[in-house]
Amino acid sequence: MTEPRPAGVPAVIGHRGACGHAPENTLASIHKAAALGVRWVEFDTKLSRDGHVILFHDDKLKRTTGVRGAVADRDLADLQALDAGGWYASAFKGEPVPTLRQAMAVLAGLGLGANVEIKASPGREDETGRMVATLLRDEWPAGLPVPLISSFDPVTLAAARDAAPDIPRALLVFGIPRDWRRRMEDAGCTALHCRHRELTPSRARAVVDAGFPLRCFTVNEPQRAETLYGWGVQAVISDHPDRLPRR
Ligand code: G3P
Ligand code: MG
């Protein structure tokens, strides 16, 4: 394995910021994660129509902003006028959709590391992988740990690798497929992130024994986290990072 690895990924990573406590993928959620004592957060990124990298999970706007339509059909100015917090709780009403640049400034202020998941809108995989990785390469705050890119999509990962080969990448999967190693190598990934529900001790052992960090999402129960750590899982991604044992 010649690919770089992020130094010091902690055992607990906040999911979409800390989305059990604040609206996912907002600056408020990142602030909340820091307030809970988290040292790294995961969040989702995609492109606006006019090519800006924003924090957003779904392809569609409805669930987290209440309006109809697709993210990919809206320009940044339009997206940033939406309310991405009111759906969660009235206390967060008016919380905007952040850009990755805005999130990086907040991370720098809080001293947080990040797992930047790339979730391209359909048909924009190559462009999104390239643009997110380029922004991280060129503007990631000095002084923060090197970020970790992740994606479920091989085209996205390959584009990120080509744009920023020095930024480490993790392959996201639900269950770990039999050909996990080939898939990781194809995308030049140095870590595997899987859904904990499908994980078995033997599959975990195979990945860990091969020397790859294995991390799991989305883990919200302390007992489950302990079990996974016992299987060699290096870190868990959690909506409620405050509930979980730190290592
Ligand atoms: O990166 C781990 C996890 O966030 C992947 O699933 O749908 O929550 O982005 P999702
Ligand atoms: Mg995610």
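**Close-up views of a predicted model**

**View 1. Helix α5 in the predicted model.** Helix α5 covers residues 125-139, which makes 15 residues. From the first C-alpha to the last, α5 reaches 21 Å, close to the 21 Å expected at 1.5 Å a residue. Its buried residues are T128, G129, V132, A133, L135 and L136. Seen down the axis of α5, these buried residues fall within an arc of 155°, so they line one face of the helix. An α-helix has 3.6 residues a turn, so residues three or four places apart point the same way.

**View 2. The protein donors of the magnesium ion (ligand 2).** Three residues supply the donors: E42 through OE, D44 through OD and E117 through OE. The donors lie 2.0 to 2.1 Å from the ion. Along the sequence the donor residues follow the spacing E-x1-D-x72-E. D44 and E117 link distant parts of the chain, since D44 belongs to strand β2 and E117 to strand β4, 73 residues apart. D44 has a relative accessibility of 1% and therefore counts as buried. E117 also counts as buried, because its relative accessibility is 5%, and buried means under 20%.

**View 3. The largest pocket and its lining.** The volume of the largest pocket is about 180 Å³. Its lining consists of 16 residues, and those closest to the pocket centre are H15, E117, K119, F152 and F217. Strands β2 (40-47) and β4 (113-118) each supply at least two residues of the lining. Sorted by class, the lining of this pocket has 5 nonpolar, 6 polar and 5 charged residues. E117, named here among the residues closest to the pocket centre, is also a donor of the magnesium ion (ligand 2).

**View 4. The cis peptide bond between F217 and T218.** The bond that joins F217 and T218 is cis, with omega about -25°. T218 lies in the loop that runs between β8 (214-217) and α9 (222-230). F217 is one of the residues closest to the centre of the largest pocket.

**View 5. The largest cavity.** The model has 1 cavity of 30 Å³ or more. About 60 Å³ of space lies in the largest cavity. Rolling a probe the size of a water molecule over the atoms shows where empty space is left. The lining of the largest cavity is made up of E24, N25, T26, L55, F56, H57, T64, A84, W87 and V97. By class, these lining residues divide into 5 nonpolar, 4 polar and 1 charged.

**View 6. R16 and N25 in the loop between β1 and α1.** R16 lies in the loop between β1 (12-14) and α1 (27-35). N25 is found in the loop between β1 and α1 as well. Phi of R16 is near 55°, a positive value in a residue other than glycine. For N25, phi is likewise near 55°, again positive in a residue other than glycine. R16 counts as buried at 15% relative accessibility, and N25 is buried with a relative accessible area of 3%. N25 also takes part in the lining of the largest cavity.

**View 7. L112, ahead of strand β4.** L112 sits in the loop between α4 (100-110) and β4. With a relative accessible area of 2%, L112 is buried. L112 and R39 are 73 residues apart in sequence, yet their C-alpha atoms are 5.2 Å apart in space.

**View 8. P213, in the loop between α8 and β8.** The loop that holds P213 runs between α8 (201-209) and β8. At 17% relative accessibility P213 counts as buried, because the cut-off is under 20%. P213 and A89 are 124 residues apart in sequence and 36 Å apart in space, taken from C-alpha to C-alpha.

**View 9. W180 in helix α7.** W180 is found in helix α7, which covers residues 180-186. The relative accessible area of W180 is 8%, so W180 is buried. The C-alpha atoms of W180 and S90 are separated by 43 Å, and the two residues are 90 residues apart along the chain.

Key. Residues are numbered from 1 along each chain as its sequence is written. Chains are lettered from A and ligands numbered from 1 in the order in which they are written. This is a predicted model: local features need pLDDT of at least 70, side-chain atom pairs count only at pLDDT 80 or more; totals for chains, interfaces and linings use all residues. Side-chain values use heavy atoms; hydrogens and water are left out. On a 1 Å grid over the protein atoms alone, a cavity is a set of points where a 1.4 Å probe fits but cannot get out, and a pocket is an open set with protein on both sides within 12 Å along at least five of seven lines; lining residues have an atom within 4 Å of a point. Grid points are joined across faces, edges and corners, and a volume is the space filled by probe spheres set on the points. Helices (H or I, at least four residues) and strands (E, at least two) are DSSP runs, numbered from the N terminus. Ala, Val, Leu, Ile, Met, Phe, Trp, Tyr, Cys and Pro count as nonpolar, Asp, Glu, Lys and Arg as charged, and the others, Gly among them, as polar. Donors are N, O and S atoms within 2.8 Å of the metal (3.2 Å for Na, K and Ca); water is not among the atoms, so sites may look incomplete. Buried means under 20% relative accessible area, exposed over 50%, partly exposed in between (1.4 Å probe, protein chains only). The expected span of a helix is 1.5 Å times one less than its number of residues. The arc is that of the directions from the helix axis to the C-beta atoms.
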